[in-house]
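The report that follows is meant for a reader who is meeting this structure for the first time. It moves from single residues to helix pairs, then to whole chains and the place where they meet.

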Amino acid sequence: MGYTLDFSVVWHAMPALLWGCVGTLGLALAGMTLAMIIGVAGVATRDAKAAWLRALVIGFVEIVRNTPFLVQIFFLFFALPLVGLKLNPTATAIIALGVNGGAYAIEIIRGGVQSIHKGQVEAGYALGLHKGQVFRFIVLKPALRAIYPSLTGQFIMLTLTSSICSAVSAYELTSVAQRIESDTFRSFEVYFSVTFLYLAISWLLMLGFAVISHRFFAYPTR
Amino acid sequence: MVPHFGLPEFGFLLRGLQWTVLLTLVAFAGGCTAGLAIALLRTCGHKGVEWITRIYIGIFQGTPLLLQLFVVYYGLALTGLKLDAFVAVAIGFTVNASAFLGEIWRGAIQAVPRGQTEAAMALGLHYSSRMRDIVLPQAIRISLPATIGYLVQLIKGTSLAAIVGFIELARAGQIVSNQTFQPLLVFGVVGAMYFVLCWPLSWWGSRMEARLALASQR
């Protein structure tokens, strides 16, 4: 018996799918923000004097980077209520994405900070810049510029990873797709189309990141 | 009566771990073969072919692994072939690996100094000999850290087979967690098993990266 592809179900479900895209973007943006906070705090702690604090950060990074996100989100799903955080699935997903992305952000930001030579800071002072100017123009901007490609690449990865949050039924594109699939039994058509919606989302993000890069980092280095 | 997490449950997780390892090995072997072909096509010098492989790689890098798995899994079901769940997910991971390894090796091939290819041409070597004896051995060395990095990603990625119902380590963990009502303990053990698998590879990869960086400084 032949199977006829029928994409009309996808077309009828398009408003719901587009809202799912909005959910995915919201989840990803919230996760990125949390990841950046964890990243910066982690880098600050990683250079702390206390050895146990440093070990804590290194341990956190290694554990997160060497276990699957699916296992991490399941663990947090059951662990957060035990520490008194009774959250809905979407909030749990944001924390899981933030924790996961944060571990990668720590490694990336640390590389950026290390890329600034001490002599550059001293040269800044010698030129008569004050502390705030040195931090802003000589440390922060070049460091951000140096890590920008890897950081934005990691953010796009985080956005794609957010599809796994459907496993705890957070509100995002994949869980919307799963609901439509179970209503219509058109698994292939739905998932095939949703894959391209994700592709559009990553292109949109890439474009946005390129515009930001062009606006803020387009100056010659030599 | 609710069973506690004991030796039989641990054994069940270990059997899941076996499937995770097997799935990774099959996908990695398949991905290496197809990925090499992709990398060679991507650097063959023919504009059209290079564009097609570039789009192929772009699609896999720009979409979630979970959705790729769904599309392959349900797409294969539509063809009418009665495939085992293991074969279906293995094919899914293989195509994903082919794109990512293809891109890693494309970069490595292009990182081999152009003079090497030119010298080989001047010596009258043909394409196959030039690639096999001159470019690829050097490219493999350059690409090793990134290839190992991808292998770690692949091991972690196989956990997504759990969502389409294939019983590997993550799915085994879900099952045991539902039976014992000890989710923290179970997912802690499952996480530890993944860690034991991935961490030595990550460590080896970053050590090799540091050594290569040192060698290129000289």
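In this predicted model, F181(B) counts as partly exposed because 13 C-beta neighbours lie inside 10 Å, and a residue is partly exposed when its number falls between the 12 or fewer of an exposed residue and the 20 or more of a buried one. F181(B) lies in the loop between α7 (169-180) and α8 (183-217) of chain B, and its phi is near 55°, a positive value in a residue other than glycine. Most residues other than glycine have a negative phi.

Chain A offers a phenylalanine with a positive phi as well, namely F185(A), whose phi is near 60° although the residue is not glycine. The place of F185(A) is in the loop between α8 (173-184) and α9 of chain A. Is F185(A) buried or exposed? With 9 other C-beta atoms within 10 Å, F185(A) is exposed.

A residue from a helix can be set beside these two loop residues. L27(A) lies in helix α2 of chain A, and it counts as buried because 24 C-beta neighbours are found inside 10 Å. Which residues is L27(A) in contact with, once its neighbours within four places in sequence are left aside? They are T90(A), A93(A), I94(A), L97(A), S162(A), C165(A), A170(A) and E172(A). For one of these, L97(A), the separation from L27(A) is 70 residues in sequence, while the distance in space, C-alpha to C-alpha, is 8.4 Å.

The three residues can be compared in a small table.

| Residue | Place | C-beta atoms within 10 Å | Class |
|---|---|---|---|
| F181(B) | loop between α7 and α8 of chain B | 13 | partly exposed |
| F185(A) | loop between α8 and α9 of chain A | 9 | exposed |
| L27(A) | helix α2 of chain A | 24 | buried |

The helix that holds L27(A) also takes part in a helix pair. Helix α2 (residues 14-46) of chain A packs with α9(A) at an angle of about 45°, and the two axes are 11 Å apart. The two helices, α2(A) and α9(A), are therefore oblique to each other, and α2(A) passes α9(A) in a right-handed crossing. On the α2(A) side the contact is made by L17(A), C21(A), T24(A) and L25(A), and on the α9(A) side by V194(A), L197(A) and I201(A). Sorted by class, the residues of this contact of α2(A) with α9(A) are 6 nonpolar and 1 polar, with no charged residue among them.

Chain B supplies a second pair, in which helix α2 (residues 47-62) and helix α4 (residues 85-111) of chain B have axes that come within 9 Å and cross at roughly 115°. That angle makes α2(B) roughly perpendicular to α4(B), and the crossing of α2(B) and α4(B) is left-handed. The contact brings Y56(B), I57(B), F60(B) and Q61(B) of α2(B) together with N96(B), A99(B), F100(B), G102(B) and E103(B) of α4(B). By class, the contact of α2(B) with α4(B) consists of 5 nonpolar, 3 polar and 1 charged residues.

At the level of the whole chain, the secondary structure of chain A comes to 9 helices and 0 strands. Its C-alpha atoms fill a box of roughly 80 × 45 × 25 Å along the principal axes, and buried residues make up 35% of the 222 residues in chain A. Among the contacts in chain A with a separation of 6 or more, 79% are accounted for by residues 24 or more positions apart.

In an unreviewed entry, UniProt lists "domain: ABC transmembrane type-1" for residues 21-209 of chain A; over these residues the chain is 83% helix and 0% strand, and the end C-alpha atoms are 18 Å apart. For chain B, UniProt places the feature "domain: ABC transmembrane type-1", again from an unreviewed entry, at residues 17-202, a span that is 83% helix and 0% strand and whose end C-alpha atoms lie 18 Å apart.

Where the chains meet, 28 residues of chain A are in contact with 31 residues of chain B. Which elements give two or more residues to the side of chain A that touches chain B? They are α3 (51-65), α4 (69-82) and α9 (187-217) of chain A, and the largest share of that side, 10 residues, comes from α9(A). By class, the side of chain A that touches chain B has 19 nonpolar, 7 polar and 2 charged residues.

Technical notes: Residues numbered from 1 in each chain as written. Chains lettered and ligands numbered in written order. Predicted model: local features only at pLDDT ≥ 70, side-chain atom pairs only at ≥ 80, totals over all residues. Contact = placed C-beta atoms within 7 Å. Helix = DSSP H or I, 4+ residues; strand = E, 2+ residues; numbered from the N terminus. Nonpolar A, V, L, I, M, F, W, Y, C, P; charged D, E, K, R; others polar. UniProt positions renumbered as here; feature names shortened; annotations may be inferred. Axes fitted to C-alpha atoms, helices over the stretch in contact; angles between N-to-C directions. Parallel < 35°, antiparallel > 145°, perpendicular 65-115°, else oblique. Left-handed = near helix turned anticlockwise from the far one by under 90°.
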